[in-house]
Amino acid sequence: MEPTTGNEERPVVLPSTPERTEKSPGDAPGQWAELFAYPTSATVAALTGGLSPSSLGDAIVDWAIHLAACPGSRIHIAAQAARAFTALASYGWQTTLSAGEARPCIAPPADDHRFDDPSWGVWPFNLIHQSFLLSERWWDAATCDGLGVTARHGAIMRFSVHRMLDMFAPSNFIAANPVLQRRMFETGGKCLIDGAATLIEDWRRFMEGERPVGVEAYRPGFEVAVTPGKVVYRNDLIELIQYAPTTRSVRPEPLLLVPAWILKYYVLDLSPENSLVRWLVENGHTVFIISWRNVGEDSRMLDLEDYRRQGVMAALDAITAITGADKIHGTGYCLGGTLLTIAAAAMARDGDDRLASLTLFAAQTDFSEPGEVDLFLDGAQLDFLETMARSHGYLDSGLMSGAFQALRSNDLIWPHFVRDYLMGAREPMSDLRAWHSDRTRVPIAAHSQYLRSLVLGNDLAEGRYRIGCQPLTLEDIRVPVFAVGTEGDYVAPWRSVYKIDRHVQGEVTFLLATKGHDDGIVSEPGQPDRSYRVLTRAAKADHLDPEAWLARTQPQVGSWWPAWVSWIDRHSSGPAAPPSLGGPNAGTLGNAPGSYVLES
């Protein structure tokens, strides 16, 4: 059925979100008026993709000065080069004597699959890929912490060098890649013609602002985001969707899902077979989800407080009015989880006890140890990001997506380049990839406040984040907490997600799942190669560090969804009749997925 956006029944009568007073640029956090003053800087920022030259430049200068001033380090690095050359020469000689059966002198990291094909073990490709791996190890030594460089500058240097090496890996070139050469021979060179056509098409779509090939097979409301439901509340920032029950009875406490606002909500409601929303409904839960509006220039002044009040708090008010429930299970994903935690701390401080539990999917609350995604994040980098948004008042999530891909260029960029443009074998589109390309816009005020206050300042974890005149403290949160991290997450590393255990005094259950930031959360039962670890810490019990936590847990095969729902059920009341869509005295505002998700 085609999604509709008009009123189908009586308009909803719910508690309205109080309108905020008009803010001037000087009233917003960080003096937002300063964001619109330097068009030249904005041009430079656009040309560099949002990367501040000073961030990398400072790291290079720090590294070069310490290397020049430390003869011992130079001798150590030279010795490393000599050992690498000797190891490669010895390997080459043993390969000659043993007809190619010599043991490699260096093995790639466990997560590096560029040289898995057996043809990389044949001369001369064995020497080529071994010399490349030895070069990587040498650069690790050349940028090690022992030089006296600051930890952050050393991390930036290692990251930058490895991204450069990823670009020049032998797997990316026809002359050095035996797998690609075999593909050319098998296709008579047609793979290069097909790859060139793919490259031209992708470049045309990029220049014209079109989404990738194949996304038309995953349209919200048709192929994805098709779980039956109604829009039951709308304001200028959110649509609240309530899903139709499929069981005769449900748990009385509804679930509110708060996704991140940097991408569309339907990552939690993809295709029917991997929709978390559908799975929750089929397991006897009343589910609501926030669909964020794709903001425009008129929303440049929206900050985190707007998102809390018009988003989380407005949704909670609407759910209370619709269902009459005294308690609501709150679940947040990524930035949505961080925002929900802020709301939970404010509710606890103010005596609002409507939350029955708090679940966080790959969501950070303590940024005391920045991950790879935050390496370049400093004042200069933030200034650059802000200059990119001055003309429009928002950042396009495509910029952030590109930054995330750069973190794992070895997995997300160069294999795609080789497969699609050299081998001529385009990877089929999937619902998750299509969702990831459905970009949104982020108000510069909210984004800068998040980065400056939460990421750089760590104000939330350290008790400096304020709502009203009073600061928040995570220790005020007393409801049971269920936090999910994923092993391969480079956006919210699991050890960072785990830090919620340090701050919350109540019961905390932490679950570590396999896969990454997105596919580790979208982990429906039946998926192969999935497992998880889980452990509950009782209220006020001693805190375990991450390594001790790992030692105490054992992998359990399968999806983690059933374990989470069992936990939700244990913190819920007995089943009861499901509430009506939109409440008994109100109506709905159209079919799910609503109108905001369709905005481009």
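This passage walks through the fold of a predicted model, from its overall make-up to its sheet, two of its helices, its cavity and a few backbone details.

The protein chain has 600 residues, and 52% of them are buried. Its secondary structure amounts to 20 helices and 14 strands. Among contacts with a separation of 6 or more, 82% are between residues 24 or more positions apart.

A good place to start is the sheet. It is open, has ten strands and mixed pairing, and follows the order E1-E2-E4-E3-E5-E6-E11-E12-E13-E14. Strand E1 (229-234) and strand E14 (556-557) form the edges, each pairing on one side only. One face-on companion deserves a mention here: helix H20 (residues 561-570) packs on the sheet. This helix touches strand E3 (255-258), strand E5 (328-333), strand E6 (355-361), strand E11 (481-486), strand E12 (508-513) and strand E13 (531-537). The direction of H20 makes about 165° with that of E6.

Strands of a sheet pair through backbone hydrogen bonds, and the pairing may be parallel or antiparallel. Both senses can be followed here. Strand E2 (residues 238-243) and strand E4 (residues 287-292) are antiparallel, with five bridges, and Gln242 stands opposite Phe288 in E4. Further along the strand order, E6 and E11 run parallel and are joined by four bridges. In that pair, Leu358 lies opposite Val481 of E11. On to the next pairing, E11 and E12 are also parallel, with six bridges between them, and Phe482 faces Thr509 in E12.

Strand E11 merits a closer look. Six of its six residues are buried, which leaves the strand mostly covered. Val481, Ala483 and Gly485 point one way from E11, while Phe482, Val484 and Thr486 point the other way, and all are buried. The two residues named above as pairing partners, Val481 and Phe482, thus belong to opposite-pointing sets.

Two helices lend themselves to a simple length check. Helix H5 (residues 151-167) has 17 residues, so at 1.5 Å a residue a span of 24 Å is expected, and its end C-alpha atoms are 25 Å apart, in agreement. Helix H4 (residues 125-142), with 18 residues, reaches 26 Å from its first C-alpha to its last, close to the expected 26 Å.

The buried residues of these helices are mixed in kind. In H5 they are His153, Gly154, Ala155, Ile156, Met157, Phe159, Ser160, Val161, His162, Leu165 and Asp166. In H4, the buried residues include Phe125, Asn126, His129, Gln130, Phe132, Leu133, Leu134, Glu136, Ala141 and Ala142.

Turning to internal space, the structure holds one cavity of 30 Å³ or more. The largest cavity encloses about 50 Å³. Its lining is made up of Trp261, Leu263, Lys264, Tyr265, Trp292, Arg293, Asn294 and Thr440.

The backbone also offers some less usual geometry. Most peptide bonds are trans, and most residues other than glycine have a negative phi. Two cis peptide bonds can be described against that background. The bond from Trp123 to Pro124 is cis, with omega near 0°, and Pro124 sits in the loop between helix H3 (71-97) and H4. Ala592 and Pro593 are likewise joined by a cis peptide bond, with omega about 15°. Pro593 belongs to the segment after H20.

Positive phi values occur at Ala362 and Lys540, and the surroundings of these residues can be set side by side. Ala362, although not a glycine, has a phi of about 50° and lies in the loop between E6 and helix H11 (379-388). Ala362 counts as buried because its relative accessibility is 1%, with the cut-off for burial at under 20%. Lys540, also a residue other than glycine, has a phi near 65° and is found in the loop between E13 and H19. At 69% relative accessibility, Lys540 counts as exposed, since exposure begins over 50%.

The loop between E13 and helix H19 (546-552) also contains Asp545. With a relative accessibility of 41%, Asp545 falls between those two cut-offs and therefore counts as partly exposed. The C-alpha atom of Asp545 is 9.3 Å from that of Asp501, a residue 44 positions away along the chain.

Notes
Residues numbered from 1 in each chain as written. Predicted model: local features only at pLDDT ≥ 70, side-chain atom pairs only at ≥ 80, totals over all residues. Heavy atoms only, no water. Expected span 1.5 Å × (residues − 1). Buried < 20%, exposed > 50% of the residue type's maximum accessible area, 1.4 Å probe, protein only. Pairing = 2+ DSSP bridges. Contact = heavy atoms within 4.5 Å. Axes fitted to C-alpha atoms, helices over the stretch in contact; angles between N-to-C directions. 1 Å grid on protein atoms, 1.4 Å probe; cavity = no way out; pocket = protein on both sides within 12 Å on 5 of 7 lines; lining within 4 Å. Points joined across faces, edges and corners; volume = space filled by probe spheres on them.
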